[in-house]
2 protein chains.
Amino acid sequence: MIRLFIASNLSADRPIGLEKAQTHYLVDVMRLAEGGEVAVFNGRDGEWLARLTRMSRPDWGLVPTVVARPQLPGPDLDLLVALIRRSRLETVVEKAAELGARRIRLVITERANPARANLPRLNAIATEAAEQTGRMDVPEILAPESLAQVLAAWDGQRRLMFCDEAGEAPMAIEALMDCPPAASWAILIGPEGGFSASERGRIRATPGALPAGLGPRILRSDTAAISAMTLWQAQWGDWRGT
Amino acid sequence: MIRLFIASNLSADRPIGLEKAQTHYLVDVMRLAEGGEVAVFNGRDGEWLARLTRMSRPDWGLVPTVVARPQLPGPDLDLLVALIRRSRLETVVEKAAELGARRIRLVITERANPARANLPRLNAIATEAAEQTGRMDVPEILAPESLAQVLAAWDGQRRLMFCDEAGEAPMAIEALMDCPPAASWAILIGPEGGFSASERGRIRATPGALPAGLGPRILRSDTAAISAMTLWQAQWGDWRGT
């Protein structure tokens, strides 16, 4: 079934006007007929079934009918990723949505890509990935911040898994298993050239920092982000064994 | 340091002729001068340091000087991936090289993408990723085979981790932890629409099959491949804790 993220509040029988792009997608691309059923979510009110309806011509809308799944909070996981080149950053955003990160923070580091991040495009990628993966919210993407500012304001209650390429950290699965539980988490991924020595020192000195290694090979940033989120989900998130 | 995969045998002081593309990369792109040092590997003789040298004009070559790292076999892990659309298949090949898969087998399934795989391009992607990630071999990519043939000829000694979207399998980390050790492994990833019911039945009935779930969200095939290889590396491969 088609799933759509909708910004409006969702309640039974209250019609929601569709944006032009959404109408085009449902009516022209997916050929949904009047009365056809889709699933909608807004990050607050759970997943609803909704029927396509004509509002005043030429507009279309959706009428929510019943709640299909109640809203459940996902794991409290932030992904902090250095600005890397566009195509790889887009991969990271898509995968963070699939792998259940709640927020994505873009970080400016010494070796980060100097190009500006296209936030509307990244938001569109996150929304589409959230629709397809079945989650009931869209990860929030924050505007780029400098690493120094992020670390200076760090809440020590939020554990910061730091993927350290320099090879002195324990393997990630071990670091994750051995650390005490925390209610909120973050994963920090550096740019292609890694963090500088002074950045690494500052990260390691941040309260809550958990250095973790990702194997003997050098990983691209997008790979490191996906692998780190996967291992975190398996140990502390919703991929845990019973 | 620049790393190059070289097909030739490597031994001390025996010059190796460079292909045109390699010469262009070293001399024109990277501006390496005569006597400049690179690392080379061929999948058999370890990683060597080598110096750029002029052969007969206009050709350039490399002269291996010393072994920098001995050849060590990587983990015996095959990645079997259904033919998916081009850009995502290319991502899978790049990531399989980074994540240490030894071989990549392309599989034709009921819902696979009918387009032909471009093996030379996939090999080039695997080679470049192997050069960058620091491994000492390039994963071999086999020509597409039908799933039925692959399963019919399956060697039951090779454990087959099967990423089952249908939700009846234990979580991957649990399935991996609970299964007895095996000397050789494979991971099987389906196409975007998943395996058909009859394909799933046939996979589950294959000797050595290990059904494993990848969390509560629906993953794209490239994400599933990366996550599954990561979890395998953390449990049985070279990302294990001590």
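## Chain interface

In this predicted model, 30 residues of chain B are in contact with 30 residues of chain A (contact: C-beta atoms, placed from the backbone, within 7 Å). Four elements each give two or more residues to the chain B side: helix H2 (86-98), helix H3 (119-133), helix H5 (172-178) and helix H7 (221-235) of chain B. H7(B) gives the largest share, seven residues. Helices (H or I, at least four residues) and strands (E, at least two) are DSSP runs, numbered from the N terminus.

By class, the chain B side has 11 nonpolar, 11 polar and eight charged residues. Ala, Val, Leu, Ile, Met, Phe, Trp, Tyr, Cys and Pro count as nonpolar; Asp, Glu, Lys and Arg as charged; the others, Gly among them, as polar.

## Symmetry

A turn of 180° and a shift of 0.0 Å along the axis lay chain B on chain A with an RMSD of 0.0 Å. The two copies are thus related as by a two-fold rotation axis. Superposition is by least squares on C-alpha atoms of residues with pLDDT of at least 70 in both.

Of the interface residues of chain B, 100% are also interface residues in chain A, so the copies meet through the same surface.

## Domains of chain A

Chain A is assigned domain 1 (3-69) and domain 2 (77-236), with bounds from an automatic or database domain assignment. Their centres, taken over C-alpha atoms, are 33 Å apart. The contact takes eight residues from domain 1 of chain A and six from domain 2 of chain A.

On the domain 1 side, strand S1 (residues 3-5) of chain A gives the most, with three residues. That side has three nonpolar, two polar and three charged residues.

## Conventions

Residues are numbered from 1 along each chain as its sequence is written, with chains lettered from A and ligands numbered from 1 in the order in which they are written. Local features need pLDDT of at least 70 and side-chain atom pairs count only at pLDDT 80 or more, while totals for chains, interfaces and linings use all residues.

Methods: Two residues are in contact if their C-beta atoms, placed from the backbone, lie within 7 Å.
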